[in-house]
Amino acid sequence: MNAETRGNVQHPEADPVVSLGGSIVLFLATCYFSILPATTTCYVLLDLIDPWAALEVTGSWLALAVAFLASIGVSTAVLYLWSWLQAKLAVGLVMGFKEIPEGRFKKSLYDKTFQQFTLRHVVKKFSMWLFKFHAPRCLYRKYAGTFIKLGKHVEVPEWFPMEKCEIGDNTVIARHIVIGSHVIEGDYVTLKNVMIGKNCIIDSGEEIDKRTCVGPGTTIEDDVIVKAGTTIVKDNTLKAGGIYDEDPVIRRVGEVSDLPSGEVERWRKEVLAKDKIKSKMLDDWSSFASRWPRVLDKLASLVGYLAGIGLILAWWFGAAAPLDDLLPPLGPVLNVLILPAIAILGYGFNVFIPIGVVYPVVKRIQRIIPDLEDLDNGGRRAGDDGKRGNAIVITDPTIIETWKCCKWLKWRLVERVMRSLFPDASALIYQRIGRGNEVALKSTFIEAMLDIDNVSLGENSLLSMGAQVYAYSLTDGQTPRLVIKRTTIGRNCIIAQANVMAGASIGDNVLVGLHAFVPEDARLDSDQTYTGNPAVDIKTFMAMKKRARQQMGIGK
């Protein structure tokens, strides 16, 4: 820990804990003030233009539609502009309009640097969600360019840091790679600048667990090509003009200048075309032949939209108008203050109401699927509590088809929440809709693929983007075979972009490294770091890596 960090940290007996309720209130307050100007604009315009008056005067429904859409259009523009400005201003206020410092700091509310780090992410959360999921890519790039240094004609990935990052002109980055300017290492966070030069190509695998990763402190100089699936750990430098690959360690495998004419341009176009990420888990769940799950999913989405819009309209006609008439001029002020809360509540209806439509159907249908909790004592692991068995093997095609349908529908519910304004509610959804799940509320797995059923995830554990945790193995074909097992991850674990297969048991305080593969039924001891394929402890891995470097003639 550096001197500055030591000065920021007090030394109490125990660090304070942020209450779940306090975190929710802080986030909702940020959302409220982000949309307040837009809802106020909409309220004022609808009052001034009055679409219903336009209909009465002109007798044309087109006039009503134009007046209404004009109000909504102007309000939407205000929403984007204000949320953008508010995020930029709020980050400045958090930092005292000073440069964000690099360094390593403790995950403690007594550490001022950690407080600033947390607040920067909270105040940007709404605007990041808005521009990432509900704005054209070109506008998303403009938004990102106000927080990091983006060169001209840069194609940015879907997930990259919104601080301490520089990307040079004409650099092409595959949409689904992971760039991080910070990394969590136990009780500490390291924040360092990521610098990517001009005319670079950063390729990536299309599978969710084979993304290219660029860590904090990385410097990629000009005219570099990084091949798919490469992991660039923190504090690495890739020299200009080189082609880099990881096999089994990252090294320079060629020169860009030696490529045939037109090869670089072909490579750039190929990287730009990679706009979808693949997942074996999701492919397994979506490989059903039945039509009803997709029909039910669309019906639930429609019900959610209608519920959200219905709530807003019910308030508008049932409460807003009477309030205007009963308490002028206080009524309009109250309406302006209430409308953002109604909008957030309506959006919540849109996100969560579909769960009430889909899950009762799934719960009824999945009764034909055997459950680990139903196994008798002969199927238990030694030392188990008597409730869960070791494995269930299913070969009946009808049951396997039903299992796929239920899994896909439940994942759609989880995905809806994960891509919403309330991704932190995912753990609660897992608890409610999963079979045999023990997912702690104080766990984080946003952008990871966590099996819907038969998973235990301990408190304060983190699954990074691209991590996949299975609780089954599936063999399709003429003789399909489904094996259901229980997978356990302990407390205070960090699972990087890795595969954890069915039946694995991971102890407490375990770190699983990038691109690691934890085999079926593997046991990972507590307080250890594991990496590699198959995953081994870090000492064994480093010895293997050293031998590989020696065999390839690569220096230290």
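**Group meeting: cysteines, a pocket and helix 4**

Okay, so to start: this structure holds zero disulfides, a disulfide being a pair of cysteine sulfur atoms within 2.5 Å. Quick background: it's a predicted model, where local features need pLDDT of at least 70, side-chain atom pairs count only at pLDDT 80 or more, and totals for chains, interfaces and linings use all residues. Residues are numbered from 1 along each chain as its sequence is written, and side-chain values use heavy atoms, leaving out hydrogens and water.

Why no bond for Cys42? Its closest cysteine sulfur, in Cys31, is 18 Å away, too far for a bond. For Cys406, the closest is in Cys405 at 6.7 Å, again too far. Cys406 is buried, with a relative accessible area of 2%; buried means under 20% with a 1.4 Å probe, counting protein chains only.

Now, the second largest pocket: about 1,900 Å³. A pocket here is an open set of points on a 1 Å grid over the protein atoms alone, where a 1.4 Å probe fits, with protein on both sides within 12 Å along at least five of seven lines; lining residues have an atom within 4 Å of a point. Of its 47 lining residues, those closest to the centre are Ile72, Gly308, Ile309, Ile312 and Ala343. Helix 9 (292-326) supplies at least two lining residues; in fact it gives the largest share, eleven. Helices are DSSP runs of H or I, at least four residues, numbered from the N terminus.

Last, helix 4 (61-94), which also helps line that pocket. At 1.5 Å a residue, its 34 residues should span 50 Å, and its end C-alpha atoms are 49 Å apart, which agrees. Just after helix 4, Gly96 takes a positive phi of about 65 degrees.

Key:
Grid points are joined across faces, edges and corners, and a volume is the space filled by probe spheres set on the points. The expected span of a helix is 1.5 Å times one less than its number of residues. Buried means under 20% relative accessible area, exposed over 50%, partly exposed in between (1.4 Å probe, protein chains only).
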